[in-house]
Amino acid sequence: MDYNTLMEKAIEASKNAYIPYSKFPVGACILTGNDKIYTGCNFENASLGLTICAERNAIGSAIADGERKIKAIAIYSPERDNCYPCGACRQVLHEFKSENGIDVILKNGNELVIHKIEDLLPGGFNL
Ligand code: THU
């Protein structure tokens, strides 16, 4: 799967963000170990701490469909270049790493920038 396509789908997903409080839309698109694709957007709540990030929304859809490995995730916000995942989402991604880790794909202007999840979360927690 072409990473540009993943980013295009993340951009599309960001348009569905429910963000009445922050006005900060985020979209994410996951490529799983079975080469399936799942998207997510952030959605907020009047009880602010209940907000769900775009990344975990996409991961939840993949898990609910039986997927257990993530090869790559594209993350996008129209509000900023290089929209890095929050710490909570890094740990949740860490849980579902594929054998080659996870490529975290960000957009910087017209360029895609790729990080490995291990570099974004050294020492991720395991049980
Ligand atoms: N947000 C995400 O969707 N993903 C992140 O990794 C960081 C933050 C959302 C949550 C909230 O709706 C908005 O961005 C501002 O924090």
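This is a short tutorial conversation about reading the sheet and the ligand site of a predicted model.

User: Let's begin with the sheet. In what order do the strands stand, and how are they paired?

Analyst: Happy to! Strand order is read across the sheet, from one edge to the other. Here five strands make an open sheet, ordered E2-E1-E3-E4-E5, with mixed pairing. The average twist from one strand to the next is 20°.

User: Which strands stand at the edges?

Analyst: Look for strands with a single partner. Strand E2 (37-41) and strand E5 (111-116) each have just a single partner strand, so one side of each lacks a neighbour in the sheet.

User: How many bridges join E4 to E5?

Analyst: Bridges can be followed pair by pair. Strand E4 (residues 103-108) is joined to E5 by six bridges, and the two run antiparallel. Two pairs to find on your screen: Asp103 has Lys116 as its bridge partner in E5, while Ile105 has Ile114. The two strands form a hairpin with two residues between them, and Gly109 in the turn has a positive phi of about 65°.

User: And how do E1 and E2 pair?

Analyst: Over five bridges, in the antiparallel sense. One of the pairs links Gly27 to Cys41 in E2. This hairpin has four residues between the strands, and Asp35 takes a positive phi near 60°.

User: Where does helix H1 lie?

Analyst: For a helix packed on a sheet, check which strands it crosses and at what angle. Helix H1 (residues 3-14) lies across strand E1 (27-32), E2, strand E3 (70-76), E4 and E5, and runs at about 50° to E3.

User: Now the ligand. Which residues surround the ligand?

Analyst: Start with the shell, then turn to individual contacts. The shell consists of Ser22, Phe24, Val26, Asn42, Glu44, Thr51, Cys53, Ala54, Glu55, Tyr84, Pro85 and Cys86. By character, these shell residues divide into seven nonpolar, three polar and two charged.

User: What polar atoms lie by the oxygen atoms of the ligand?

Analyst: Check side chain and backbone separately. From the side chains, a polar atom of Glu55 lies 2.7 Å from a ligand oxygen, and an N or O atom of Asn42 is 2.9 Å from an oxygen atom of the ligand. From the backbone, an N or O atom of Ala54 lies 3.0 Å from a ligand oxygen. As for cover, the ligand on its own has 370 Å² of accessible area, and the protein covers 79% of that.

Definitions and conventions:
Residues numbered from 1 in each chain as written. Predicted model: local features only at pLDDT ≥ 70, side-chain atom pairs only at ≥ 80, totals over all residues. Heavy atoms only, no water. Near = heavy atom within 4 Å. Polar contact = N/O pair within 3.5 Å; in protein donor to acceptor, adjacent residues only side chain to side chain. Areas by Shrake-Rupley, 256 points an atom, 1.4 Å probe, with all protein chains shown as cover. Nonpolar A, V, L, I, M, F, W, Y, C, P; charged D, E, K, R; others polar. Pairing = 2+ DSSP bridges. Axes fitted to C-alpha atoms, helices over the stretch in contact; angles between N-to-C directions. Contact = heavy atoms within 4.5 Å.
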